[in-house]
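Reader: I would like a close look at a single part of this model, the salt bridges. Please take me through the pairs one by one, with the setting of each.

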Amino acid sequence: MQRAIRAARVLGIHVPEKLGRPVRLIFAWAVTAAMALLPVGHVLAAGTLTSTSVSLSDSRPSAASVNYTFRGSSVDGATAIKCVKVVWATTASGDTAPAGFSGASGSVTAASSTLINSSATNWSLAKSDGTSSAGQNNIYQYTNSAAGITPSTTSGATFILAGITNPSTPDIGYFFQLSTYTNTNCISGAVDNATVQFISTNGSQLSLTVDPSLSFTVNAVGSGQACDATTTTQASTSTAITFGSVTPGSNSVVCQDLAAATNASGGYSIYARYTAAPTSGINTIADHTGTNTAPSAFSAPGTESYGYTTNDSSLGTGTANRFTNPSQGWAAMTTANAEIGYESASVTNTTYRIGHQAGVSVTTPAGTYTTTIIYTCTPVY
């Protein structure tokens, strides 16, 4: 009779506190008849959660250390729960683990699980295998040894499992079953339940190509402009270093600006060389005595000499600031590349000012002296 009364209350039938025997018999028959009308397999069970979902931190097949975050609403906020049971299965109501799945290394992230009020106190986790699921630990029973927890979050409550290994087969729907109970046996006293489907999917390989880029230009510098530790006496163009008429009483200075940019991770080096010493017929202008390795002060007016300098104080070889410290140094140009600019990483834009200086003596043969200066910018990818 008590069983019938409990069933009647589940069916929503009001039951008076005191019934006479004839009435009880009639009532028991009515409830039994009502129960007979229920569909085959119907279970008088707990409430079904709404707005449920389970999200995976990594949905790729066989991915390890994955977090499964369950969310659900319509949580019973009036009943203390002592068990949260989770089953990963191939069907909505079974307990066979998906192929490749493993919960052996898994755990409950209690601090982020609002279904249990974000508390790990008195809770412990037991793992077991479902049907034909040897060693896969696809059943979790998280139980509370004390009075249980009455959920304070009833909408969007979370329960998070960490350290899970995903099923190995992609694009197959599997099932995440969660249910709560008032009993630590995780069988009796059902409270809430939900079944959510999830799928492991292969990641999409993204690729893109960034082409190497380099810009390098030679730009003009006007007359009367600062050029390292001196001042230009003539203007240059992007393709000409024109000293004009040089006399023993005054050296001539011409500068050019070299602008460079690159996406090369190793930056770049800029070099300079000439095809030969400035030449007129059989005569040449003498090279300055300083070198790229050891620049020196330029000769005073009246001394035949040609040389170059750079304002880059952080060269990549030798002494980094050899041209700029302690004072502006000058070097002889050679037919071999010599460093005049350097960057150790990619840059959007850098400009170096390169100076050229020429002096003549009273005995320097008359003539127009020419050569070709070649700048080279070499990026390091």
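Author: What follows goes through the salt bridges of the chain, after a short account of the whole.

This is a predicted model, in which local features need pLDDT of at least 70 and side-chain atom pairs count only at pLDDT 80 or more, while totals for chains, interfaces and linings use all residues. Residues are numbered from 1 along each chain as its sequence is written, and side-chain values use heavy atoms, with hydrogens and water left out.

The chain has 2 helices and 21 strands, where helices (H or I, at least four residues) and strands (E, at least two) are DSSP runs numbered from the N terminus. Of its 381 residues, 39% count as buried; buried here means under 20% relative accessible area, exposed over 50%, and partly exposed in between, with a 1.4 Å probe and protein chains only. Among contacts (heavy atoms within 4.5 Å) with a separation of 6 or more, 71% are between residues 24 or more positions apart.

Side chains of opposite charge can pair when their charged atoms come close. With a salt bridge taken as a side-chain nitrogen of Lys or Arg within 4 Å of a carboxyl oxygen of Asp or Glu, the count comes to 3.

One of them joins Arg60 and Asp58, whose closest N and O atoms are 2.6 Å apart. Arg60 has 45% relative accessibility and is therefore classed as partly exposed.

Another salt bridge is formed by the side chains of Arg353 and Asp257, at 2.7 Å from N to O. This pair links distant parts of the chain, since Arg353 belongs to strand S20 and Asp257 to strand S14 (residues 252-262), 96 residues apart. Asp257 has a relative accessible area of 13%, so this residue is buried.

The remaining pair is Arg322 with Glu339, where the N to O distance is 3.6 Å. Here too distant parts of the chain are linked: Arg322 sits in the loop between strand S18 (305-310) and strand S19 (338-343), and Glu339 in strand S19 itself, 17 residues apart. Both partners fall in the buried class, because Arg322 has 9% relative accessibility and Glu339 has 5%.

Taken together, the pairs give two settings to compare in the view: Arg60 is partly exposed, whereas Asp257, Arg322 and Glu339 are buried.
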